[in-house]
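Here is a walk through one protein model, taken contact by contact. Keep the coordinates open and follow along.

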Amino acid sequence: MSILPLFSNPLVSKLAHIPRKYAVSFFEHENRLFSYVSAFFGIDFFGSKSYNADMNTTEIINSLRDENRKDFPKEIFANEQVDFVGHIERLLSERGLTIADIVPHMDYERSYVYHMLNGSRAPSRTFLLRLAIILKLDYEETQRILYITGNPLLYAKIEFDAVIIYALERHMDPVGLNNLLESVKEPLLFWTRHEV
């Protein structure tokens, strides 16, 4: 896969001027680096479509290996349109909560939380991770809300993300999560130390 389109980015164009011996080393590791950068910052270097979050990796591989298929399984990369607001309303309803119940725990201004959850503003990754902790979502549910909002998915090889996954699977509260993040010298997700 060519990385030439990447050099249109002024920050990355400086890579074109590095000595060949360093460039070879860099390009040997380009896939790993781009995966990290893409996962962390949500940058799509090649304009690729995301995979369908409803399919796990094994299902995707099985679909690609299926010898009976005569066509490429495009459904794997179908970018489904999911109503984020409706999805959040359902998650809140299942837990017997309202937006007013979670606002005090989100570490944002009340109006900001309402704007994010009513669809008038696009939610950030940090906002969604806080929401996932407050609602005690599991890993799959969190990946789903990240996916349908176009935010980078959690990537277990990034230590911050690994801590978040660990906390989600144990339904840790904000205090427990912040303590864990602090213990591994990662940025805190919540500014205020409070329990849900």
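Arginine 69 and aspartate 71 join their side chains in a salt bridge, at 3.7 Å from N to O. The model is a predicted one. Arginine 69 counts as partly exposed, because its relative accessibility is 27% and that class begins where the buried class, under 20%, ends. Side chains of opposite charge can pair when their charged atoms come close. How many salt bridges does the count come to? The count is 5.

Move on to helix α5. Here the side chains of glutamate 94 and arginine 90 form a salt bridge, with 2.5 Å from N to O. Both residues belong to α5. They stand 4 residues apart, about one turn of the helix. Arginine 90 is partly exposed, since its relative accessibility is 38%. The pair is also part of something wider: Arg90, Glu94, Arg95 and Glu141 are linked in a network of salt bridges.

Another salt bridge connects arginine 125 with aspartate 161. Their closest N and O atoms are 2.8 Å apart. This pair links distant parts of the chain, with arginine 125 in helix α8 and aspartate 161 in helix α10, 36 residues apart. Are the two partners buried or exposed? Arginine 125 counts as buried at 11% relative accessibility. Aspartate 161 is buried as well, with a relative accessible area of 0%. Both values fall on the buried side because the limit is under 20%.

Aspartate 161 leads into the rest of α10, which spans residues 159–169. Its buried residues are Phe160, Asp161, Val163, Ile164, Ile165, Ala167 and Leu168. What do they pack against? Their partners are α8 (125–135), α9 (139–148) and α11 (174–183). Just after α10 comes histidine 171, with a positive phi of about 50°.

On the other side in sequence, alanine 156 lies in the loop between α9 and α10. Alanine 156 is exposed, because its relative accessible area is 55% and the class starts over 50%. Leave aside its neighbours within four places in sequence, and alanine 156 is in contact with Ala162 and Ile165. Ile165 is one of the buried residues of α10. The C-alpha atoms of alanine 156 and tyrosine 166 are separated by 9.5 Å, and the two residues are 10 apart along the chain.

Now turn to α9. Why is this helix described as largely enclosed by the rest of the structure? The reason is that 7 of its 10 residues are buried. They are Thr142, Gln143, Arg144, Ile145, Leu146, Tyr147 and Ile148. The cover over them includes α5, α8 and α10.

The aromatic rings come next. A pair of aromatic rings is described by the distance of the centres and the angle of the planes. The whole structure holds 4 aromatic pairs. In one of them, tyrosine 108 and tyrosine 112 have ring centres 4.8 Å apart and planes at 35°, so the pair is tilted. Tyrosine 108 also pairs with tryptophan 191. That pair is edge-to-face, with 6.0 Å centre to centre and 75° between the planes. Distant parts of the chain are linked by this pair. Tyrosine 108 is in the loop between α6 (99–102) and α7 (110–117), and tryptophan 191 is in the segment after α11, 83 residues apart. Tyr108, Tyr112, Phe127 and Trp191 form one aromatic cluster. Tryptophan 191 counts as exposed, because its relative accessibility is 64%.

Which charged residue sits over the ring of tryptophan 191? The charged end of arginine 130 does, 4.2 Å from the ring centre. Arginine 130 also lies over the face of phenylalanine 190, at 5.8 Å from the ring centre.

Finish at the surface. Ile61, Leu64 and Phe72 form a nonpolar patch there. Together they have about 270 Å² of accessible area. Phenylalanine 72 lies in the loop between α4 (57–65) and α5 (84–94). With 48% relative accessibility, phenylalanine 72 counts as partly exposed, because exposed means over 50%.

Notes
Residues numbered from 1 in each chain as written. Predicted model: local features only at pLDDT ≥ 70, side-chain atom pairs only at ≥ 80, totals over all residues. Heavy atoms only, no water. Buried < 20%, exposed > 50% of the residue type's maximum accessible area, 1.4 Å probe, protein only. Helix = DSSP H or I, 4+ residues; strand = E, 2+ residues; numbered from the N terminus. Contact = heavy atoms within 4.5 Å. Patch = residues over 30% accessible without salt bridge, like charges linked within 9 Å, V, L, I, M, F, W, Y side chains within 5 Å. Areas by Shrake-Rupley, 256 points an atom, 1.4 Å probe, with all protein chains shown as cover. Salt bridge = Lys/Arg side-chain N within 4 Å of Asp/Glu carboxyl O. Phe/Tyr/Trp six-rings, centres within 6.5 Å; stacked < 30°, edge-to-face > 60°. Lys NZ or Arg CZ within 6 Å of the ring centre and 35° of its normal.
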